[in-house]
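Here is a short tour for a colleague who likes to see how the parts of an assembly meet. Keep the viewer open and follow along.

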2 protein chains.
Amino acid sequence: MQPEKTRKRRAFSAPKIDDVAEIAGVSTATVSRCLNTPDVVSPDTRERVMAAVTQLGYEPNFGARVMAAKRSNTIGAIIPTMENAIFARCLQAFQEELDRNDYTLLVASSSYKTDMEKQQLRTLLARGADAMLLIGFARDEEIYEMLEERQVPTVVAWSYRAGSRVASVGFDNKIAMREFADLVFKQGHRKIGVISAPTADNDRASERVAGIMESAAANGVDPSAIEIVETKYSIDNGARAAHAFLTSKVPPSALICGNDVLAIGALKAARELQLRVPEDLSITGFDDIELAQIADPGLTTVHVPHREMGRRAAKLLISLVENPRHLPSEQLATRIVKRGTLGPAPHSS
Amino acid sequence: MQPEKTRKRRAFSAPKIDDVAEIAGVSTATVSRCLNTPDVVSPDTRERVMAAVTQLGYEPNFGARVMAAKRSNTIGAIIPTMENAIFARCLQAFQEELDRNDYTLLVASSSYKTDMEKQQLRTLLARGADAMLLIGFARDEEIYEMLEERQVPTVVAWSYRAGSRVASVGFDNKIAMREFADLVFKQGHRKIGVISAPTADNDRASERVAGIMESAAANGVDPSAIEIVETKYSIDNGARAAHAFLTSKVPPSALICGNDVLAIGALKAARELQLRVPEDLSITGFDDIELAQIADPGLTTVHVPHREMGRRAAKLLISLVENPRHLPSEQLATRIVKRGTLGPAPHSS
DNA sequence: TTTGACAATGCAAGCGCTTACACATACTTT
DNA sequence: AAAGTATGTGTAAGCGCTTGCATTGTCAAA
């Protein structure tokens, strides 16, 4: 076993409230009030106290503060993975907004596993997270129960549902994808292939697929005849899936991908198979990551306001923490970005 | 029953150690020991306690624990920005490793500003971070002093210096870039342009530039004649800088970029100017982000083991927290990845 | 002057946990 | 059999802060 030893105390311990109180010649209560409710202390006392604070570089001990005040100015976020640029960007904006409001971010990543998410949530709450940011709606009921029981303000990003029990900041993945798919069918494509992220426990992915199906039906294409391949987020996986589609007996004339990364992979596969895009094959993505505009030809995709989503989520969460009540979800607009990968279906069958 | 005291925020408070103790029929001390030093309690007591813990879904209150134990099992990281994929990936691996060891990650991003970093550090330490991960060495002396004074185990990632006061996990940016630049000069390029990230407060960027200069000198090219443009991390900035270079009177035959993102921008600019890469113009990057292999032609660059860096940094930090001592820095290997953007210099002047 | 009302501050009780220390058993040694 | 040595557990003293309540000082109205 590990020989756990006496932990060394910090040689120099951080200044504490008593030190500040002594220097300023007031009680600790007054120091505390200066920091938390400055308006109730007289201006000149406040000034003296703040001077002492600055002089010592005093920063209240977090643990003590949380315990005493029962709030931590910390907001937790559980995201599938930071490695995905869309989450990273959203999280960055989220963090910046929190920072502006003196909140700190506690992150955990669930790797898309809902059971991990449960444990992470427990941990973050134990760590005093005042509120939580989650991605998407799909997760164990138990998680929602815990959140509700403990009355933790929560917002879901990346999805939008008007009457949901927890507030959300996002967009309707199904509608966004449906409208986008309409565009594909309008170009005359009848035989399409769908490459999606795994839809289990992922409402964004499954709703996007559903959107495609609705669009197909509306455009006179039999949804049940559409082949769907699910594969994990990575360029190579996208390429592999596309390769399989394109080398089948009756290859599709368009590949609708659930996200840009898969689409980029598809583009790569097409290039390897010497297919011209969009003349021989159309490819579409979703998210509008930076890569999408760099690809050659540029990827036709749906723009998602990642950063704004992060910022708005932070604002909503903060206002929920400071004044618990029911707040309406916020719907963000997505935008179809036409670049070069979507073209009319080839004439020959 | 006695009327409930008005609770501040939570209607339902999380289970506490007393609840567990009562159910298990032991004292709180024993519960605490079960959780922290399980080997000192008798097996059957432990079993009863753990059953109670599970039954209640008990999770020790973080603030209380930090206060009492003077350690938080939290490690802080201050990175320039999560938006940069290289940091996101490193951070993700870092987080995963922490998680495996029951540590939690506290993140802050400094946006490359050293004064922000100072404040963030203060905050993270007040929040009980047991240790810190920082990126690169360049920062105010004051920050190092604070770290030393409080004896906070710290590791610097992304750079490597053998005898540095704080341990580092990374590579020698200067040498890596120098060897890479050697390759460029060996291809006959005499007139090169350098596009770098801002070098102020960024030793990775400045060392890479220094590496280029050393290589130039060693290869008979006057370093002082090499033009350097510094611009912030973004594809568009890279494109702009490249455009300026390529439309000057005597355009360079090779553009050495401080990172892949700038290089991709340069590639875009070249395409817009109808220059063939690498026939008319060579371009190199650094980092080997995913984009690098997708670009067409593939970007010749230096591969940096981002994920491993994160993982190793986490391991080092944890071992430092659990047993404070001096630990040697770890040097990671980078690897030159030849793809399509570097070719011999054109014959004609 | 007396008396409220109010503003500013101090006092001290926790917040939920860890851990030094004390204590009670159960074995070993002499 | 007495004394020593482990071993397992309980007791209770904090950890550094916030905040309800008590106290003091001021000023305006009675």
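The contact between the two protein chains takes 49 residues from chain A and 49 residues from chain B, where two residues are in contact if their C-beta atoms, placed from the backbone, lie within 7 Å. This is a predicted model, in which local features need pLDDT of at least 70, side-chain atom pairs count only at pLDDT 80 or more, and totals for chains, interfaces and linings use all residues. Residues are numbered from 1 along each chain as its sequence is written, while chains are lettered from A and ligands numbered from 1 in the order in which they are written.

On the side of chain B that touches chain A, at least two residues each come from α4 (62-69), α5 (85-100), β2 (104-109), α6 (114-126), α11 (260-272) and α12 (290-294) of chain B. Helices (H or I, at least four residues) and strands (E, at least two) are DSSP runs, numbered from the N terminus. The largest share, six residues, is that of α5(B).

Strands also join the two chains: β2 (residues 104-109) of chain A and β2(B) pair in the antiparallel sense over three bridges, pairing being called if DSSP finds at least two bridges between two strands. Within this pair, A:L105 has B:V107 as its bridge partner.

Next, look at helix α6 (residues 114-126) of chain A. Its 13 residues should span 18 Å at 1.5 Å a residue, and the end C-alpha atoms are 19 Å apart, which agrees; the expected span is 1.5 Å times one less than the number of residues. Which residues of α6(A) are buried? They are A:E117, A:Q120, A:L121, A:T123, A:L124 and A:L125. A residue is buried if 20 or more other C-beta atoms lie within 10 Å of its own, exposed if 12 or fewer, and partly exposed in between, with C-beta atoms placed from the backbone. The cover over the buried residues of α6(A) includes β2 of chain B, along with β1 (74-79), β2, β3 (131-135) and α7 (141-149) of chain A. Just after α6(A), A:G128 has a positive phi of about 90°.

In α4(B), the buried residues include B:F62, B:G63, B:R65 and B:V66. These cover an arc of only 165° around the axis, which puts them on the same side of α4(B); the arc is that of the directions from the helix axis to the C-beta atoms. Their cover includes α4 (62-69) and α6 of chain A. After α4(B) comes B:K70, with a positive phi near 60°.

Now for the DNA. A residue is near a strand if its C-beta atom, placed from the backbone, lies within 6 Å of it. For the classes below, Ala, Val, Leu, Ile, Met, Phe, Trp, Tyr, Cys and Pro count as nonpolar, Asp, Glu, Lys and Arg as charged, and the others, Gly among them, as polar.

| Surface | Nonpolar | Polar | Charged |
|---|---|---|---|
| Chain B side touching chain A | 21 residues | 12 residues | 16 residues |
| Near DNA strand C | 14 residues | 10 residues | three residues |
| Near DNA strand D | 14 residues | 10 residues | three residues |

Around DNA strand C there are 27 residues, the closest being A:A29, B:I17, B:A29, B:S32 and B:A68. The largest share of that surface, six residues, comes from α2(B). DNA strand D has 27 residues around it, with A:I17, A:A29, A:S32, A:A68 and B:A29 nearest. Here α2(A) gives the most, with six residues.
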